[in-house]
Amino acid sequence: MQTQYDTTAYNTSASLGAERNKVLRNTYMLLGISLVPTVIGALVGMSMNFGFMAEHPIMYSLGAFAVMMGMFFAISASRNSGLGVVLLLALTGFMGLMLGPILQVALGFSNGAQIVGLAAGGTAAIFLVLAGIATTSKRDFSFMGKFLLVGIVLLILASLANLFFQIPALALTLSAVAVLLFSGFILYDVSRVVNGGETNYVMATLAIYLDIYNLFVNLLQLLMAFMGERD
């Protein structure tokens, strides 16, 4: 009787492990695919005129935020269908487009290409290390959830406030905090997939994609501030 119970428990555990590995595998595959529309969107964005953004930064930021929130809800509502994947890829294309202004500024430096490359390489290195820790470590990082949630709320509020005050030192401080915060989110979100906290690969991809995207943007801002060289 005990042997039968142990066998059943083992089979159940193995089944759960296989399912989690499948979700993680699908998440990484979709994450890789999502970078394609991001790059295409970024290339388009670099050739666009963002004069409206320069003249009305608050309206632009709130408008972009509203579009993203609408797409987040749409993806969540259709996460169990193929439409969810299509909407996710559409979102990543839009996010790439939104990289246009910061890439235009970065490439305006004489060493702009080097800065963008360092930001991309640094982002990739941080992701690979932290994702590796979350995947191979037996530790569950779900305990970080409440701390990260409070941190992201405070970061958003401070960023919105700085749209009005435009304090450069505060902007750099927020970028540094954001790098740490979204690094923590990578640990948290990958760990959720590994430990069964997130079983939908579309939503898992969305969460990890946003972690990587925001990590890249804030790392790029820091590198521009400290390494940017004008002709």
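How far apart should the end C-alpha atoms of H8 be, at 1.5 Å a residue? Keep that in mind while you get your bearings; we will come to the answer when we select this helix. One caution before we start: this is a predicted model.

**Stop 1: the whole chain**

Show the protein chain as a cartoon. Its secondary structure comes to nine helices and zero strands, so read from the N terminus the pattern is simply α-α-α-α-α-α-α-α-α. Switch to a C-alpha trace and turn it along its principal axes: the spans are about 75 × 35 × 30 Å. Now colour by burial. Of the 231 residues in the chain, 41% are buried. Contacts are also worth a look: among those with a separation of 6 or more, 84% join residues 24 or more positions apart.

**Stop 2: helix H8**

Select residues 168–194, which form helix H8. Here is the answer to the opening question: the 27 residues of H8 should span 39 Å, and the end C-alpha atoms are 39 Å apart, so the two values agree. Just past this helix, click on Gly 196, which follows H8 and has a positive phi, near 85°.

Next, show the side chain of Tyr 188, also in H8. Is Tyr 188 buried or exposed? Its relative accessibility is 18%, so Tyr 188 counts as buried, the cut-off being under 20%. Leaving out residues up to four places away in sequence, Tyr 188 touches Phe 141, Ser 142, Gly 145 and Leu 148. Draw a distance from the C-alpha of Tyr 188 to that of Ala 131: the two are 57 residues apart in sequence and 9.3 Å apart in space.

Stay on H8 and move to Ser 191. Ser 191 has a relative accessible area of 0%, which means that this residue is buried. Around Ser 191 you will find Ala 134, Arg 139, Asp 140, Phe 141 and Ser 142, again not counting residues up to four places away in sequence. Phe 141 and Ser 142 are contacts of Ser 191, and both are also touched by Tyr 188.

**Stop 3: Thr 135 on helix H6**

Select Thr 135, which has its place in helix H6. At 33% relative accessibility, Thr 135 counts as partly exposed. Its contacts beyond four places in sequence are Leu 24, Tyr 28, Val 190 and Val 194. Try the C-alpha distance to Val 190: 7.0 Å in space, with the two positions 55 residues apart in sequence numbering.

**Stop 4: helix H4**

Now select residues 82–97, helix H4. This helix has 16 residues and reaches 23 Å from its first C-alpha to its last, close to the 22 Å expected. Its buried residues include Gly 84, Val 85, Leu 88, Leu 91 and Thr 92.

Zoom in on Leu 88 in H4. At 0% relative accessibility, Leu 88 counts as buried. Setting aside neighbours within four places in sequence, Leu 88 is in contact with Leu 30, Ile 75, Val 202, Thr 205 and Leu 206. For contrast, draw the C-alpha distance from Leu 88 to Gly 197: 20 Å in space, at 109 residues apart in sequence.

**Stop 5: the largest nonpolar core**

In soluble globular proteins, nonpolar side chains tend to be buried together. Here, the largest nonpolar core has 64 residues, and those with the most contacts inside it are Leu 91, Leu 99, Leu 206 and Leu 220. Elements giving two or more residues to this core include H1, H3, H4 and H5. Which element gives the largest share of this core? H9 does, with 17 residues.

Select Leu 220 and show what is around it. Not counting residues up to four places away in sequence, Leu 220 touches Ile 102, Leu 103, Ala 106, Ile 115, Val 116 and Ala 119.

**Stop 6: the second largest pocket**

Finish with a surface view. About 490 Å³ of space lies in the second largest pocket. Of the 20 residues that line this pocket, the closest to its centre are Leu 35, Thr 38, Val 39, Ala 120 and Phe 216. Helices H1, H6 and H9 are the elements that give two or more residues to the lining, and H1 gives the most, with eight. Colour the lining by class and you get 18 nonpolar, two polar and no charged residues.

Note on methods
Residues numbered from 1 in each chain as written. Predicted model: local features only at pLDDT ≥ 70, side-chain atom pairs only at ≥ 80, totals over all residues. Heavy atoms only, no water. 1 Å grid on protein atoms, 1.4 Å probe; cavity = no way out; pocket = protein on both sides within 12 Å on 5 of 7 lines; lining within 4 Å. Points joined across faces, edges and corners; volume = space filled by probe spheres on them. Helix = DSSP H or I, 4+ residues; strand = E, 2+ residues; numbered from the N terminus. Nonpolar A, V, L, I, M, F, W, Y, C, P; charged D, E, K, R; others polar. Core = buried A, V, L, I, M, F, W, Y, C linked by side-chain atoms within 4.5 Å. Buried < 20%, exposed > 50% of the residue type's maximum accessible area, 1.4 Å probe, protein only. Contact = heavy atoms within 4.5 Å. Expected span 1.5 Å × (residues − 1).
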